[in-house]
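Welcome! Let's look at this model together and ask how its descriptions are earned.

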Amino acid sequence: MSTNLQSTSSEAADIQVKRKKTLPFVLMFSIPAMVVLKMGFFFLIVGMLPTLLTMALVRHSKSYVVSTVAAFNFTGVFPDLLSISLEGGTPRAVLSHLSEGTIWFSMYGAAMLGWAIVWLSPAIAMLFLETIYRGRIRHMEHLQKKLEEEWGPDIKG
Amino acid sequence: MADTHEPIIRQEEFLAFLKGYSPERKAGGERDMLAGRWRILSNQPLPEFSSSYAKAYVARDEKTPDASLYALVFDDGVPLRQKNINALKTFRHPALVSLLGEGVAQIGPTASTRYVAVLEKPAGIPLTEMLSRKGNPIPESLLIQQFLRPLSEILSGFAKMGISHNRINPGNIYLSGSTIVLGDCISEPSGFSQDILFEPIERMLTMPRGKADFASSADCYAVAMLALHLALGFSPFAQSVKESLIRDILSNGAYHTLVMPWDVPTGLQDFFRGELGDSRRDRWDALTIESWLTGRRYNLVMPSSSRETSRGFEFGGEAHFNRKSLAHGLWSNWKQALPMLADNRIPRWLKIHAHKQDTADTITRLTQSSTPLTPQQEEEALARVIIVLDPSGPIRFRQISSAVEGLGAQLAYALIAERHEDVHTLMQIIDADLSGFWMEQQKASPEHAALAAKLQKARNHIRMKGPGFGVERGLYDLNPGLPCLSPLLEGHHVTTLAEMLTALDTLSTQKAATEDAGDRHIAAFIASRLNLDKELRVPEVQASPSLKANFTLVMLKLLAKAQHKAGDTPFKGLTHWLAIKLLPLLGGMHSRVRQRKLQADLRAAVTRGSIEELADMFISSASFDADRREFQKASADYAERKKRIATLQGTTGLSHQASVKGHSVAQSIAYSVCIATVYVTLKACFRL
């Protein structure tokens, strides 16, 4: 119980720190983006909601989750964001894109793909590492056996 | 695949070789035959020519079967009068039995190798028989012509060769018609069985086995005593008790005790006065006797009495009127004499009554000390006091009385007879440098300088304890003619390195399975013959605790040196014997590969009979050291790798690593996909 309490309080403190660090960066990025993208900025915020959600939920020590999800999420948002910008960044253009289901699917699907990769990557890496390590162990055991043959059982100490 | 743990050579293989092995060189040749010429008839003993050290048998010369000969077959491991033997091989005199041949032969049904000397058998009867008939005094002219002249010629010849006889007594001189023949002098150590009447006082006081080998003046003295017997026609002191005779001579002098009571021819008086003086240096030598025999007259005054004081020193129930007598009294009553050292009575008596201030001062210096003397120091001090009182006498310490030159022979006897107390006392004499002190009291002579150096060297060697040194080494250093006394070589007469290797080669067929190929005696014998001064170590295996003290490796090194010195003759039996003892050492080697290589090399080396090759393999090549070092490294590698395997097999570490690496890869993929998408989209829009 006390462990949980401690964990919760440390997570809260973590988030506080993250917010403090992220806020100036977001502001510095958002103001030029609003100028350039105009109403496209609204589209960007809506499209990048999964990333913002992830940022809010995930601890600072797991920044790779945010960056992976953000990169995939941005991959899904960028083609339509560019299209909106090229159309002048008008409210009409934003609404017309948001009214298409496929656009929502591509933006949020890409973010979900990021989540899926984050979730699956350790298992896949485990599979690879196990194979590599097994090979290494086999090689070292072979060397140990050769030493035993050369020096006898005394080598085992 | 062959089992690498399986040895390729087993002891059984070497033992099988030795079972069928017949050495090419065998010591001794044909049984009961010396040098292929003299046959020893071991079933015809001659007790009258035997001694405590050698048995005499009838011998036959195959070239001249009619010659009357006898052979002396020496007991196992007895010291020989090697210098005399070497000199007498060529020395010939009609009044001396000739030494015709000598060497090692296989004797008796056991065919044990013994040292044998073949001599002419003297004809006639021993003079003791003539003297026992009594009442036959020999006239002066006949005595001189028939007895003294030939004996003096022999003594002159001996003196030139640097040897002495020391068995001149009526029992060893044979009379046949008008000629005499002096018997052998090699069947026992110098003066061992000599009647004390025929020994001067300094040798009377010495134990039979501790007499000096070379004592020319003792021969001259013996000739004078022989002349006294012959001139009187009987043995004048046959009934005398040894101890009382010694006391009389010490108190009154030899001339006064032995000659004065008798009516001897006037013409012989000078001879007796010249020979029977109490000082060794003043006695006539062989040349002076020859001059006297040719007619030169000396008109010597009668030797003065030995008394040095009118008031005797009361000790041991008698009064001693001179220093020699007191010295003998102190030794004879050793335990009672020890407490007397502290009370200063002896220096006071010497100063006041004997007027020997210097001697008194020396004794005071020896006995007075600022700190109390330990019991051992007290005993050493007493021995030194005795030397100071009687410098010409033997070294006397506890139960031992020995000439400095006789210490080696005495030690040899004590070791052979396993008289441990005597060995201990002799070791103390050598260790306390009593011999050095004795020599300081003598007038300097080159003979003594050489002896001092020899004793100093022996003492150093005795103090070292490793194989090749210790008491055994002292024994062989002090007795160069002594055969090796190793129990292993029982039945083999070994006096040279070549003989030793041959004997061991022969013994390999019987002893390889159960015995080591050497012991401390063999090691000391080899070290003495090779004149090794430093303890033999095997530096190549010093780092290995199990090997550095290994006796077989030290023996291997010694035997290799011996083989080299003996001319590199192969000894296949001995190498197989050594290999059997070395095989277990190979078992202690860790590397199976190196072990198998050494085993293969070992087989090749033993087949060639080269001990040096064996030594190279085991010692010089430093295989054991390399094996130890490489094993340590391999052990460290093994342990390190074992740890790494355990780490790789652990699941906790692996899942963490997989998580880190997986997320890192995922991040990289995400960035790549994002950049690619941005690039492709921009390219499509702007037709880049």
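Q: What makes chain B differ from a compact globule of 688 residues?
A: The radius of gyration, taken over C-alpha atoms, is set against a rule of 2.2 Å times the number of residues to the power 0.38. That compact globule would be near 26 Å, but chain B has 38 Å. The C-alpha trace of chain B spans about 160 × 75 × 40 Å along its principal axes.

Q: How should I read the numbering and the model itself?
A: Residues count from 1 along each chain as its sequence is written, and chains are lettered from A and ligands numbered from 1 in the order written. This is a predicted model, where local features need pLDDT of at least 70, side-chain atom pairs count only at pLDDT 80 or more, and totals for chains, interfaces and linings use all residues.

Q: Why are A360(B), I363(B) and T367(B) said to be on the same side of α14(B)?
A: These residues of helix α14 (residues 357–367; helices are DSSP runs of H or I, at least four residues, numbered from the N terminus) are buried, meaning 20 or more other C-beta atoms, placed from the backbone, lie within 10 Å of their own. They cover an arc of only 65° around the axis (by directions from the helix axis to the C-beta atoms), so they share a side.

Q: Which residues are on the other side of α14(B)?
A: Q357(B) and D358(B) are there, and they are exposed, which means 12 or fewer such atoms.

How values were computed. Helix = DSSP H or I, 4+ residues; strand = E, 2+ residues; numbered from the N terminus.
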